[in-house]
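Trainee: I would like to take a close look at a single part of this model, going slowly and keeping to what the atoms show.

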Amino acid sequence: MATNLPFEGIRVLDFSWVAAGPFATRFLADFGAEVIVVESGKRSGGLRGQAPMPPGRESPNTSTFFNSANTNKLSITVDMNLPRAQELMRQLATRCDVVVDNFRPGIMARWGLAYDDLVKVKPDIIVASMPMVGSTGPFRHWGGFGTTAFSLSGMLELTGFPESEPLACAIPFPDSSCNPTHFAVALLAALRHRRRTGQGQWIDASQMESTMAAIGPAILQALANGTQAERTGNREGTAAPCGIYRCAGDDRWCAIEVHTTAQWEALCEVMEHAEWRGDPRFRTAADRWANRAALDAAVEAWTTGLDPRTATERLQAAGVPAGAVNDSQDLVDNDPQLAHRAHFFSVPHPEMGQITAQNHAFRLAATPGRLGRAPLLGEHNEDVFGRLLGLSRQEITDLVAEGIIA
Amino acid sequence: MATANIPPAALDGLRVLDLTDLAGMYCGKLLADLGADVVLIEPPTGAQARRMGPYLDDLIDPERSLTFWYLNTSKRGMTLDLDQPDGVALLGRLAAQADVLIESRGVGYLAGRGLSYAALAAANPRLVLTSISPFGQTGPYAAYQGGDLVQQALGGLAWLTGFAGQPPVKLGGTQGFEVAAQQAAVGTLIAVYAAETTGQGQHVDVSSQEAVAFATQPAAHFATTTGEVLRRNGNDYARYGVSLPCRDGFVAASFNRADVRARAVEWLEDEGQVGDLRDPKWQDTEATTEFRRQILRRITPLVAERTKLDTAVEAQKRKIWMTPVNTTLDLPNDPHLRARNYFAPVEHDALGRVIEYPGGPYQLSATPWRIRRRAPLLGEHTVAVLRELGLADAAIQALGQAGAF
């Protein structure tokens with residue numbers, strides 16, 4: 001029997017509190033796992049405090065970042081500084097299949113929630129950590145922020161134009177890409193192994209190393225050849241023309257990359273420059289590469305007169321790879337393909353009315369998963385402590401009064 | 001099979017056919033390095049990735065592409081000519097016995113050869129077919145041509161990097177391909193989990209543009225919430241941090257948290273550079289932007305005299321978040337990575353060399369990440385794979401002569 005939710009029955013205790021962790025466990029939650037986010041009602045910080053929030057409605061429940069990264073999860077709040085709270089979380093862990101964190105190394109051990117602690121009481125537990133640079137090694141205590149993994153990995157150094165300094169991105173790219181995806185792959189592989197063999201394990205995912213994996217060929221070049229990969233701006237190998245070209249309008253641009261003879265001939269036709277095909281500067285791919293500066297200027301003379309969508313559509317209709325440089329508002333409002341895939345979706349939310357989140361890049365035809373909302377802060381305290389730990393309503397009230405559930 | 005010496009692998013027994021190229025090969029690598037038996041199927045002329053540099057010792061040769069090597073570790077390799085009916089028939093027979101088929105040949109490519117998901121599933125209901133395409137299997141852009149740059153543009157990522165007013169620039173490497181391949185691996189493993197519990201496979205439709213758009217979430221949140229459009233701004237990416245020049249490169253730093261700013265002021269005081277930053281006026285939240293600017297102004301000359309690693313070590317000791325902007329050449333000598341035994345030696349028997357590779361993106365204690373073997377030579381395992389299908393050597397030879405592979 002096929003089920004819409006393949007991970008129904010899998011329970012995850014999720015201590016991950018900044019971006020890369022919650023995006024990773026979201027993959028499990030959206031496909032049926034019961035993911036319990038362990039939060040503090042006292043300590044600010046983490047994604048619940050992260051911008052943006054709708055103006056005038058700032059609260060722990062209105063951070064779009066939190067709400068996008070935590071769909072379909074449950075939320076409980078405890079004060080982990082208190083031994084009783086730590087004890088309750090250890091009990092809860094024994095009723096879970098997976099325990100996740102992205103603290104700096106040592107914190108989970110201080111609470112008795114490290115793999116070595118939990119495996120004694122729950123032999124098939126999977127414990128997964130994703131500290132910035134891993135759980136071992138001389139820099140293991142290094143802290144970071146959104147751009148840290150990007151800078152350590154070598155990816156920042158590879159980004160930008162050859163004639164200028166390396167450039168960072170305006171967003172913490174690894175947090176919403178290579179870190180959560182790699183972490184999810186490790187979790188999914190460990191879950192498969194556990195289902196087949198009954199064996200749990202410990203996962204150490206360094207955010208630095210997960211990001212390095214996304215520029216593997218350049219690192220292999222350093223290891224094998226002892227040379228540094230160049231920053232190549234918007235080049236793709238020796239394809240020409242290849243770049244981002246100015247279009248009509250304020251700060252509007254279009255990407256074009258030509259790899260084959262057929263694409264080149266189509267481009268000449270679309271741009272109404274049939275004579276380029278006979279031009280000795282552009283005859284072969286090698287000629288076009290050698291004279292790329294002249295070619296880029298000629299291409300830009302054409303794109304400058306068009307808005308990026310029109311340029312894209314004309315080139316693509318002829319089979320030339322091209323794409324408007326979308327800004328975030330374009331993604332939300334002006335991209336017919338993302339609209340077709342319902343990439344942005346809205347779900348009801350008790351405090352916001354509606355919230356918008358973004359879908360994953362894959363659609364599973366038989367088990368599509370679920371679109372849902374993120375939990376309110378502490379929304380599931382009663383449910384989790386009652387249903388999973390068997391505490392009575394009075395006991396839960398007492399824990400609240402003692403500041404343990406907090 | 002697990003033996004006394006070799007620990008089990010998480011994806012032991014998973015049979016995967018890999019019909020991808022640059023736009024998806026990393027997906028199969030993720031599965032192969034975790035123990036799946038991944039067979040890369042190339043056209044007889046070889047994958048495009050073999051013609052992508054860099055090359056070992058800069059000698060241009062399809063068997064020396066470091067891009068191809070990296071993306072295809074732990075895989076076996078065969079060739080099939082899918083423009084020949086015999087080649088298509090062999091692919092159909094292989095798919096009937098596989099758990100997963102990953103492809104990035106383009107929308108309609110397999111269906112046009114009689115190997116649509118429905119046809120493949122009729123022969124093998126357990127099969128997971130993962131299709132990686134630039135924009136997805138359906139929709140107004142489904143027939144559009146993609147590419148790393150095009151996907152970084154249409155996915156909203158290129159917009160976010162570069163100098164204000166200057167052209168946007170894509171991220172280094174080919175992130176328009178890698179994010180899609182990573183998401184494809186996640187989607188595939190979810191489908192595998194379902195197939196192994198229910199016996200029912202499915203079609204997994206991966207859009208590279210959507211993978212990029214997903215990765216731009218921290219910017220898109222502003223668009224959906226306040227209507228603000230985040231813009232590229234050189235190396236002062238104010239919401240998240242800033243790059244500061246050192247003697248030998250840059251450090252990335254962030255002073256966006258009050259506790260980090262307080263520790264930065266302590267550092268400046270220890271260095272005799274604190275100026276008026278102890279003045280209580282700076283604690284006013286209205287003054288935060290200017291306070292941050294003043295800290296930066298005073299820290300900049302301090303770090304300019306040091307190396308990036310010395311700067312980071314000193315700052316981190318003080319719980320100030322600075323890290324070196326490593327070059328790829330820094331990484332082989334990185335003391336932290338070396339202490340973690342991060343790098344993975346891979347034997348290249350044909351060259352008589354052992355070459356270190358980037359290690360795993362994660363460590364799994366019971367089922368270690370491991371490079372099983374170097375990337376395959378072109379057609380290296382064609383005969384072996386066809387023998388496993390039960391074909392006799394004479395039949396294999398005849399198929400080869402007829403141009404099936």
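Trainee: Could we look closely at chain A, and begin with its surface: about how much area does chain A expose, and what percentage of it do carbon and sulfur atoms supply?

Mentor: Before the numbers, please note that this is a predicted model, in which local features need pLDDT of at least 70 and side-chain atom pairs count only at pLDDT 80 or more, whereas totals for chains, interfaces and linings use all residues. Residues are numbered from 1 along each chain as its sequence is written, chains are lettered from A and ligands numbered from 1 in the order in which they are written, and side-chain values use heavy atoms, with hydrogens and water left out.

Chain A exposes about 13,900 Å², of which carbon and sulfur atoms supply 51%; accessible areas come from the Shrake-Rupley method with a 1.4 Å probe, and for residues only the protein chains shown count as cover. The corresponding figures for chain B are about 14,300 Å² and 51%. The C-alpha trace of chain A spans about 85 × 50 × 45 Å along its principal axes, and of its 406 residues 65% are buried (under 20% relative accessible area, with exposed meaning over 50% and partly exposed lying in between, for a 1.4 Å probe and protein chains only). Chain A contains 17 helices and 12 strands, taken as DSSP runs numbered from the N terminus, with helices being H or I runs of at least four residues and strands E runs of at least two. Where residues at least 6 apart in sequence are in contact within chain A, 68% of those contacts join residues at least 24 apart, a contact being heavy atoms within 4.5 Å. The charged side chains of chain A number 36 positive and 45 negative, and the centres of the two sets lie 6 Å apart; here Lys and Arg count as positive and Asp and Glu as negative, without His or the chain ends, and each charge is placed at NZ of Lys, CZ of Arg, CG of Asp or CD of Glu.

From these totals we can move to the aromatic rings. Over all chains, the search finds 19 aromatic pairs (ring centres of Phe, Tyr or Trp, the last by its six-membered ring, within 6.5 Å; planes under 30 degrees apart are stacked, over 60 edge-to-face and the rest tilted). One of them joins A:Trp264 and A:Phe282 in an edge-to-face arrangement, with 6.0 Å from centre to centre and 75° between the planes. A:Trp264 belongs to helix H10 (residues 261-270) of chain A and A:Phe282 to the loop between H10 and helix H11 (285-290), so this pair ties together parts that are 18 residues apart in sequence. A:Trp264 is buried at a relative accessible area of 2%, and A:Phe282 is likewise buried, at 1%.

An aromatic cluster leads beyond chain A: A:Phe23, A:Phe27, A:Phe31, A:Phe65 and A:Phe362 are joined in it by B:Phe214. A little further along chain B, B:Thr216 sits in the loop between helix H7 (208-215) and helix H8 (217-225) of chain B. With neighbours within four places in sequence set aside, the contacts of B:Thr216 include A:Ile171 and A:Leu331 from chain A as well as B:Gly155 and B:Leu157, and B:Thr216 is buried at 0% relative accessibility.

A ring can also carry a charge over its face, as where A:Arg48 lies over A:Phe66 at 3.7 Å from the ring centre (NZ of Lys or CZ of Arg within 6 Å of that centre and within 35 degrees of the ring normal). In chain B, B:Arg50 lies over the face of B:Phe68, at 3.8 Å from the ring centre.

The backbone of chain A deserves attention too. The peptide bond from A:Ala51 to A:Pro52 is cis, with omega near 0°, and A:Pro52 lies in the loop between strand E2 (34-39) and helix H2 (64-69) of chain A. Another cis peptide bond, with omega about 0°, joins A:Ala240 and A:Pro241, where A:Pro241 occupies the loop between helix H9 (216-225) and strand E7 (242-246). Beyond E7, in the loop that leads to strand E8 (253-257), comes A:Asp251, which has a positive phi of about 60° although it is not a glycine. At 13% relative accessibility, A:Asp251 counts as buried.
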